[in-house]
Amino acid sequence: MESALKEKALGKQNNAIDLAKFICAVFVVAIHVPPFGSADGSTVVTYLNFFIQDYLARIAVPFFFITSGYFLFKKTDIKNFDIKPSKQYVLRLIKLYLIWSLIYFPVRLGSIFTDKKGILHGIISYFKDFVFSTSYSHLWYLNALIFATIVISFLLYKRVKPLYIIAGGGIFYFLGLFGQSWFGFLEPLRGTFVWDILKAVQSLITTTRDGLFDGLIFVGIGMLFAYYEIKISRKSALTGLAVSLILLFTESFGFQFLGFSRSHDTYLFLVPTAFFLFAVIRDIQLPDNRNYKKMRTLSSLIYFIHPWIKIILGALTYIIFKKQAIFLISFALTFAIAYFLSLAVMKLSEKPKSKWLKNLYS
């Protein structure tokens with residue numbers, strides 16, 4: 001009876017997380033399609049897009065990482081760690097990565113055939129990206145999640161303490177900041193021997209937007225929540241979230257104003273922001289409703305599908321208007337098509353002859 005009550009309570013908590021993941025999927029679409037359209041010289045539009053794309057929406061992927069780590073390591077016990085769930089999860093992620101890499105491979109063909117160093121170099125570059133970075137744009141999340149899951153699971157299997165894992169992930173995340181939003185701090189080194197070393201390292205790792213420099217810390221936070229059931233009062237969690245959001249706002253807009261940032265995938269204050277956000281969402285209990293489970297699947301499908309929608313709409317825009325343009329309606333249209341297409345995939349996957357479509361999200 002106690003176990004049943006616990007599962008029921010966890011289910012209610014999952015409802016809030018599923019809703020939050022769906023909202024995060026909307027934010028991910030906003031990162032790739034400016035929600036206020038092309039700036040076209042408008043300062044107001046530029047800042048509005050930046051506020052959504054490079055400030056608020058950057059919380060989405062860390063939240064995905066944390067929830068993935070939380071639910072995975074919930075299946076195991078820290079004292080008698082069982083690596084089997086991790087193996088099954090990694091195999092599932094690899095399957096998803098391979099399927100969606102194949103779906104987006106036609107988009108990458110152009111870069112392979114137009115490679116300045118020849119087709120052979122283009123093929124080699126593709127497979128290098130496939131392993132160490134991503135086969136296509138947004139699929140880096142799967143690659144990073146696979147890596148972070150393998151590393152954390154291996155360390156737990158070897159009885160490394162979770163706090164040590166978090167510390168290591170924090171160090172790598174901090175170093176990775178210098179390849180992203182904190183890049184400006186490296187500018188004084190340009191032209192020096194140290195700069196040459198950093199360029200050599202960059203050519204090897206390609207980007208710090210990966211499982212080592214980005215995913216490890218957030219999947220690790222999910223692990224901490226799973227194993228230690230971190231208790232934070234709602235008032236404290238909300239206060240922590242509010243303060244973290246203010247600091248993240250200062251960091252993102254401040255570095256943008258200073259011209260520091262080369263990319264906006266990682267910020268220092270994303271860590272406490274994602275931490276407190278998960279703490280708040282985890283303890284929200286929503287009444288059971290079948291739509292929450294549907295949102296869980298929708299968030300995944302929308303995440304995977306929307307770049308293709310963006311590409312097709314971009315091509316149609318060019319054909320009609322003879323130029324590349326992103327209109328105010330582009331974001332809404334991209335999300336709406338991705339949403340209804342995802343619903344169609346879910347509906348069809350329930351039919352006996354179309355069950356294979358479940359491979360796109362499970």
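Where does D115 lie? D115 is placed in the loop between α4 (84-113) and α5 (119-132), where helices (H or I, at least four residues) and strands (E, at least two) are DSSP runs, numbered from the N terminus. This is a predicted model, in which local features need pLDDT of at least 70 and side-chain atom pairs count only at pLDDT 80 or more, while totals for chains, interfaces and linings use all residues. Residues are numbered from 1 along each chain as its sequence is written, and side-chain values use heavy atoms, with hydrogens and water left out.

**Buried aspartates without a salt bridge**

D115 is buried yet has no salt bridge, and the nearest side chain of opposite charge, K117, is 6.9 Å away. Buried means under 20% relative accessible area, exposed over 50%, and partly exposed in between (1.4 Å probe, protein chains only). A salt bridge is a side-chain nitrogen of Lys or Arg within 4 Å of a carboxyl oxygen of Asp or Glu. For charge, Lys and Arg count as positive and Asp and Glu as negative; His and the chain ends are not counted.

The side chain of D115 does have a polar atom 2.8 Å from the backbone nitrogen of K117. A polar contact is a pair of N or O atoms within 3.5 Å; within protein, one must be able to donate a hydrogen and the other to accept it, and residues adjacent in sequence count only if both atoms are side-chain atoms. Leaving aside neighbours within four places in sequence, D115 is in contact (heavy atoms within 4.5 Å) with H121, G122 and S125.

D210 lies in the loop between α8 (193-205) and α9. D210 is also buried and without a salt bridge; the nearest side chain of opposite charge, R209, is 8.6 Å away. Residues up to four places away in sequence not counted, D210 touches W140, A144 and G215. At the start of α9, a side-chain oxygen of D210 comes within 3.2 Å of the backbone nitrogen of L212. Helix α9 (residues 211-228) is largely enclosed by the rest of the structure, because 16 of its 18 residues are buried. E229 follows α9 and has a positive phi, near 45°.

**Salt bridges**

The whole structure holds seven salt bridges, including those in the table.

| Pair | Closest N to O distance |
|---|---|
| D54 and R58 | 2.8 Å |
| R58 and D265 | 2.9 Å |
| K358 and E350 | 4.0 Å |

D54, R58 and D265 are linked in a network of salt bridges. D54 is buried, with a relative accessible area of 12%, and R58 is buried at 13%. The salt bridge between R58 and D265 links distant parts of the chain: R58 is in the loop between α2 (43-53) and α3 (60-73), D265 is in the loop between α10 (234-258) and α11 (270-282), and the two are 207 residues apart. Like R58, D265 is buried.

In the pair of K358 and E350, K358 counts as partly exposed because its relative accessibility is 29%, whereas E350 is exposed, with a relative accessible area of 53%.

**Nonpolar surface patch**

I312, L316, I319, I320, F321, F327, I329, L333 and I337 make a nonpolar surface patch of about 830 Å². Patches are made of residues with over 30% relative accessible area and no salt bridge: like charges are joined within 9 Å, nonpolar side chains (Val, Leu, Ile, Met, Phe, Trp, Tyr) within 5 Å. Accessible areas come from the Shrake-Rupley method with a 1.4 Å probe; for residues, only the protein chains shown count as cover.

Helices α12 (290-321) and α13 (330-349) each supply at least two residues of the patch, and α12 gives the most, with five. F321, found in helix α12, counts as partly exposed because its relative accessibility is 46%.

Helix α13 also holds K347, which is exposed, with a relative accessible area of 62%. K347 and A16 are 331 residues apart in sequence and 23 Å apart in space, C-alpha to C-alpha.

**Positive phi in loops**

Most residues other than glycine have a negative phi. S137 is not a glycine, yet has a positive phi of about 30°. S137 is in the loop between α5 and α6 (140-157) and is partly exposed, with a relative accessible area of 33%. R159, in the loop between α6 and α7 (162-177), has a positive phi near 65°.
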